[in-house]
Amino acid sequence: MSGLYKPLVLGLGAASVLLVVYVLYRMDEVDGDRVHIEIRPLAALAYFGWLLVEIAKSNWAVTKVVLSPSMPIGQHMFSVPYNQRTDLGQVIYANSITLTPGTLTVETDVGFFLVHALSYAPEDMGALADMDARVAAIEKSEAA
């Protein structure tokens, strides 16, 4: 990305890529830890499109709160249950909460996340339940 295309720079870049691939290969032989991706690709694309719209709407709401002279901030920490069966599904859901402005996934536990909201309202639980259902829908079913 530097704009230098000299043979030495390209050679060192290729050598470092090969070294990293070799180290990762050796690490995989030792622990065998792999992430199994069990999501439906088209459903995931639709979800990420929906998430972008939700991020924009939430960003607008947070901007209004922050720029308001009275700053109507109602901070709150609460538990949010999740229904994802895979680790990847849980990561997508937790990161989706964090990506949405005004909310942050603080802690994960079995069956629920601890979330901090900048401006909490009881109807936020409904929106989070909708997000949970959408993330669960992108996971492949156990029979597939």
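**Exercise 1.** In this predicted model, determine in which sense β1 and β3 pair, and over how many bridges.

*Solution.* Step 1: β1 and β3 pair in the antiparallel sense, and the pairing extends over six bridges. Step 2: at residue level, Ser 79 stands opposite Leu 114 of β3. Step 3: the wider arrangement is an open sheet of three strands with antiparallel pairing, in the order β1-β3-β2. Step 4: β1 and β2 (103-109) are the edge strands, each pairing on one side only. Step 5: from one strand to the next, the twist averages 25 degrees.

**Exercise 2.** Establish which strands α3 lies across, then decide whether Gln 90 counts as buried or exposed.

*Solution.* Step 1: α3 lies across β1, β2 and β3, and runs at about 150 degrees to β2. Step 2: Gln 90 belongs to this helix, which comprises residues 87-99. Step 3: Gln 90 counts as buried because its relative accessibility is 18%, and the cut-off for buried is under 20%. Step 4: beyond its neighbours within four places in sequence, Gln 90 contacts Tyr 82, Gln 84, Arg 85 and Phe 113.

**Exercise 3.** Identify which elements supply at least two residues each to the largest nonpolar core.

*Solution.* Step 1: this core has 20 residues, and those with the most contacts inside it are Tyr 47, Tyr 93, Ile 97, Phe 113, Met 131 and Ile 138. Step 2: at least two residues each come from α2 (41-67), β1 (76-81), α3, β3 (112-117) and α4 (124-138). Step 3: α2 gives the most, with five residues. Step 4: leaving out residues up to four places away in sequence, Ile 138 touches several residues, including Ala 43, Ala 44 and Tyr 47.

Technical notes. Residues numbered from 1 in each chain as written. Predicted model: local features only at pLDDT ≥ 70, side-chain atom pairs only at ≥ 80, totals over all residues. Heavy atoms only, no water. Helix = DSSP H or I, 4+ residues; strand = E, 2+ residues; numbered from the N terminus. Buried < 20%, exposed > 50% of the residue type's maximum accessible area, 1.4 Å probe, protein only. Contact = heavy atoms within 4.5 Å. Core = buried A, V, L, I, M, F, W, Y, C linked by side-chain atoms within 4.5 Å. Pairing = 2+ DSSP bridges. Axes fitted to C-alpha atoms, helices over the stretch in contact; angles between N-to-C directions.
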